[in-house]
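Dear colleague,

I am handing over the structure we spoke about, and below it you will find what turned up when the charged side chains and the overall fold were examined. Please read the notes with the structure open beside them.

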Amino acid sequence: MIAIVREGITQNGLDELCEYFKSQNVQPHVIVGEKQTVVGLIGDTTSIDIHLLESMDQIEAVRRVSEPFKKANRKFHPDDTVVEVGGVAFGGGSFQVMAGPCSVESEEQCMIIAEAAKKSGATVFRGGAFKPRTSPYAFQGMGKEGLDILAKVKREFGMPIVSEIMDARDLPLFEDVDILQVGARNMQNFTLLKELGKTDKPILLKRGLAATIDELLMAAEYIMANGNERVMLCERGIRSYDKRTRNVFDVSAIPVLRELTHLPIIADPSHATGYTRLVAPVAYAAAAAGADGLEVEVHHDPAHAASDGAQALLPEQFDEMMKRLALIRSAVTEPITEG
């Protein structure tokens, strides 16, 4: 349930209203937006009389939120959430690109890629230190050594870093990581989500291989319900019977999520397609559909990459993509002028 507060309410009036809600055994969550202030009510609201609330001087209107996700719901939080990290803002009209290799392989590799990616306009460096792989014999990542390399990239280029965490017990190792990524296979690892909810780091939550949009939002709700509201959602494709792409990129999920949630929406065209030649076209589609940013794999020597070389862009391909993205973003965000 949400209560829309009347314009001009004083802080004392708002405090009194929140105390009343607490007396009704629900937890008030105040969101001050550009146009209105909303009080979201968390808990069992079935016994609360809507007509009584609407008769109160402090309240303009009351609405029930039927969806099971509350904190992630746009009804609960009408304005876009902006997640800021290291001077980089996600959401609220900005467009950011996270770029880097699938796996951290060496310090030299990361330095080469980071320099090229930043020159082309990437604002966050991505790299996997712990890698969830289908085969136990495949490269599993460099672990802590990989995280140390990412920290060096951060210091050298002044770029925030994002890396995947697979186990809450590894949290102490991720102190220098700015954005914690939850991979598709861990989207419903509820124990991990609860622990990440107790941190104050931004979380990049990827959609599961066969997850519905509502299941993605409920996974975000697990993090937010435990205290961390700095969540970004990532559409990275869902599994299908078709073998022509690695996954099926659900571009329609972007505008659907835009209606349902206030959280920033990121697209991952690399994992969605699995092939270098398809990454840029899907990235363009995501930008046109209204995504707040991209996560893209870039590698200077993809033929010898430890993982996912087939979907990595060369630095020059990434540079070309970034230039075209700027044109597309301009076309879909600039106001149309007559004549």
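To begin with the charged groups, Arg-126, Lys-206, Asp-268, Glu-295 and Glu-297 are joined to one another in a network of salt bridges. Please keep in mind throughout that this is a predicted model, in which 19 salt bridges are found. As general background, side chains of opposite charge can pair when their charged atoms come close.

Among the individual pairs, Arg-207 and Glu-235 form a salt bridge through their side chains, with 2.7 Å from N to O. Because Arg-207 sits in the loop between β11 (203-206) and α6 (213-225) while Glu-235 belongs to strand β12 (residues 231-235), this pair ties together parts that are 28 residues apart in sequence. Both partners are shielded from solvent by the criterion used here, since Arg-207 is buried at a relative accessible area of 4%, and Glu-235 is buried at 1% relative accessibility.

A second pair is found within one helix: the side chains of Arg-324 and Glu-320 make a salt bridge of 2.8 Å, N to O, and the two residues lie four residues apart in helix α10 (residues 315-333), which is about one turn of the helix. Here Arg-324 counts as partly exposed, with 43% relative accessibility, and Glu-320 likewise counts as partly exposed, with 37%.

A third salt bridge brings together the side chains of Lys-75 and Glu-67, at 3.4 Å from N to O. In this pair Lys-75 is partly exposed, at 39% relative accessibility, whereas Glu-67, at 18% and therefore under the 20% cut-off, counts as buried.

Turning to charge over the whole chain, there are 36 positive and 48 negative side chains, and the centres of these two sets lie 5 Å apart.

As for the fold, the chain contains ten helices and 14 strands. Its radius of gyration is 21 Å, close to the 20 Å that the globule rule gives for 339 residues, so the chain is as compact as a globular protein of that length. The C-alpha atoms fill a box of roughly 70 × 60 × 45 Å along the principal axes, and 52% of the 339 residues count as buried. Of the contacts with a separation of 6 or more, 69% are between residues 24 or more positions apart. Finally, the chain exposes about 15800 Å², of which carbon and sulfur atoms supply 50%.

With best wishes

Conventions: Residues are numbered from 1 along each chain as its sequence is written. This is a predicted model: local features need pLDDT of at least 70, side-chain atom pairs count only at pLDDT 80 or more; totals for chains, interfaces and linings use all residues. Side-chain values use heavy atoms; hydrogens and water are left out. The radius of gyration is taken over C-alpha atoms; the globule rule is 2.2 Å times the number of residues to the power 0.38. Buried means under 20% relative accessible area, exposed over 50%, partly exposed in between (1.4 Å probe, protein chains only). Contact means heavy atoms within 4.5 Å. Accessible areas come from the Shrake-Rupley method with a 1.4 Å probe; for residues, only the protein chains shown count as cover. Lys and Arg count as positive and Asp and Glu as negative; His and the chain ends are not counted. The place of a charge is taken as NZ of Lys, CZ of Arg, CG of Asp or CD of Glu. A salt bridge is a side-chain nitrogen of Lys or Arg within 4 Å of a carboxyl oxygen of Asp or Glu.
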